[in-house]
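Reader: I'd like to learn how to read a protein model, one feature at a time. Could you walk me through this one?

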Amino acid sequence: MEKPIDAFWLKRLEDLKEALEANHFEVHITQTAASARELFLEEILPGLEVKTVSWGGSMTFMATGLYEIMRDDDRYEVLDAFKRDVPREELIEIRRQALLADLFLTGTNAVTEDGQLVNLDMIGNRVCGITFGPRHVVIFVGRNKIVSDLDEAMVRVKNYVAPVNAMRLDMKTPCVNTGYCEECNSPQRICNTWTITEKSFPKGRVKVVLINEDLGF
Ligand code: SF4
């Protein structure tokens with residue numbers, strides 16, 4: 001067999017698709033970040049009525065290249081929550097307004113084999129957008145985000161995702177020095193709000209694009 005690792009993960013993604021669909025998510029499977037981008041632009045986006053668009057922090061979403069494409073598409077009013085060189089107050093206001101966007105694009109920290117999305121936020125704008133507000137949510141998920149259950153999801157997020165994110169953001173938190181979560185009380189603690197999205201409500205509001213690549217962390 002050629003590419004046995006990809007074949008292995010495709011089986012896992014197909015099982016996960018069934019589990020997520022049983023939880024009322026709309027689900028698509030693609031092989032690469034580039035094919036996820038094409039699928040979104042050609043099959044998902046045309047079916048949605050979108051005037052305003054925004055996003056929440058996600059390395060996987062960034063890997064698709066859709067950030068630049070959507071940001072620069074003047075057919076949409078873009079609430080650019082990743083805008084650089086703007087005062088923090090302005091950025092927070094953009095993130096508040098983003099919660100009323102027609103379309104919200106992001107990733108997930110983990111997804112369980114029985115089809116639940118698990119996330120942990122610093123500010124909360126990403127988990128809020130996933131939960132309520134934007135009319136449509138599209139979540140891009142690399143195969144490396146699959147975990148067996150909620151316990152494994154929380155271990156993954158707390159002992160891997162959060163320290164790596166703290167390092168990426170140059171936070172002054174103990175995990176940046178030790179590589180382990182120290183359950184800190186730092187003002188820059190990035191672990192403040194957990195969400196477990198058991199099902200999409202209404203059905204199909206949250207669309208999940210599963211990608212057969214390791215993406216993000
Ligand atoms: S609680 Fe603090 S130490 Fe633990 S991962 Fe989050 S930021 Fe790092």
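Reader: Where does Asp85 lie?

Author: Asp85 sits in the loop between S3 and helix H5 (88-97). Keep in mind that this is a predicted model.

Reader: What is phi like at Asp85?

Author: Here's the general idea: most residues other than glycine have a negative phi. In this model, Asp85 has a positive phi, near 55°, and it is a residue other than glycine.

Reader: Is Asp85 buried or exposed?

Author: You count neighbours: a residue is exposed if 12 or fewer other C-beta atoms lie within 10 Å of its own, and buried if there are 20 or more. Asp85 has 4 other C-beta atoms within 10 Å, so Asp85 is exposed.

Reader: What about His24, where is that one?

Author: His24 is in the loop between H1 and S1. His24 isn't a glycine, yet its phi is positive, about 75°. As for neighbours, His24 has 16 other C-beta atoms within 10 Å, which means that His24 is partly exposed.

Reader: Which residues does a cis peptide bond join here?

Author: As a general rule, most peptide bonds are trans. In this chain, a cis peptide bond joins Phe201 and Pro202, with omega at about -5°. You'll find Pro202 in the loop between strand S9 (193-197) and S10.

Reader: Now the big picture. How many helices and strands are in the protein chain?

Author: The protein chain has eight helices and 10 strands.

Reader: In what order do the strands of the six-stranded open sheet come?

Author: Reading a sheet means going from strand to neighbouring strand. Here the open sheet runs S1-S10-S7-S4-S2-S3, and the pairing is parallel. At the edges are strand S1 (26-30) and strand S3 (77-79), each of which pairs on one side only. From one strand to the next, the twist averages 20°.

Reader: How many bridges join S2 to S4?

Author: Strand S2 (residues 52-55) and strand S4 (residues 103-107) run parallel and are joined by three bridges. You can spot Trp55 standing opposite Leu105 in S4. Move along the sheet and S4 pairs with S7, also in the parallel sense, over five bridges. There, Thr106 stands opposite Ile139 in S7. S7 and S10 also run parallel, and six bridges join them. Look for Val141, whose bridge partner in S10 is Leu210.

Reader: How many residues of strand S7 are buried?

Author: Seven of the seven residues of strand S7 (residues 136-142) are buried, so this strand is largely enclosed by the rest of the structure. To read the two faces, check which way each residue points. His136, Val138, Phe140 and Gly142 point one way from S7, while Val137, Ile139 and Val141 point the other way, and all are buried.

Reader: Which strands does helix H1 lie across?

Author: Helix H1 (residues 4-22) lies across S1 and strand S10 (206-211), and it runs at about 170° to S1.

Reader: Let's zoom in on Thr64. Which residues does Thr64 touch?

Author: Thr64 is found in helix H3 (residues 59-64). Leaving out residues up to four places away in sequence, Thr64 touches Ala33, Ala36, Arg37 and Phe140. With 27 C-beta neighbours inside 10 Å, Thr64 counts as buried. For a sense of distance, Thr64 and Asp121 are 57 residues apart in sequence, and their C-alpha atoms are 21 Å apart in space.

Reader: Which residues come nearest to the ligand?

Author: There are 15 residues around the ligand, and Ala162, Cys175, Cys181, Cys184 and Cys191 come nearest. Helix H7 (150-168) and helix H8 (174-178) are the elements that give two or more residues to this shell. H7 supplies the largest share, four residues. By type, the shell divides into nine nonpolar, two polar and four charged residues.

Reader: And what is the radius of gyration of the protein chain?

Author: You compare the value with what a compact globule would have. With 217 residues, such a globule would have a radius of gyration near 17 Å, and the protein chain has 17 Å, so the two agree. Along its principal axes, the C-alpha trace spans about 45 × 40 × 30 Å. Buried residues make up 39% of the 217 residues in the chain. Finally, take the contacts between residues at least 6 apart in sequence: 75% of them join residues at least 24 apart.

Note on methods
Residues numbered from 1 in each chain as written. Predicted model: local features only at pLDDT ≥ 70, side-chain atom pairs only at ≥ 80, totals over all residues. Near = placed C-beta within 6 Å. Nonpolar A, V, L, I, M, F, W, Y, C, P; charged D, E, K, R; others polar. Rg over C-alpha atoms; globule rule 2.2 N^0.38 Å. Contact = placed C-beta atoms within 7 Å. Pairing = 2+ DSSP bridges. Axes fitted to C-alpha atoms, helices over the stretch in contact; angles between N-to-C directions.
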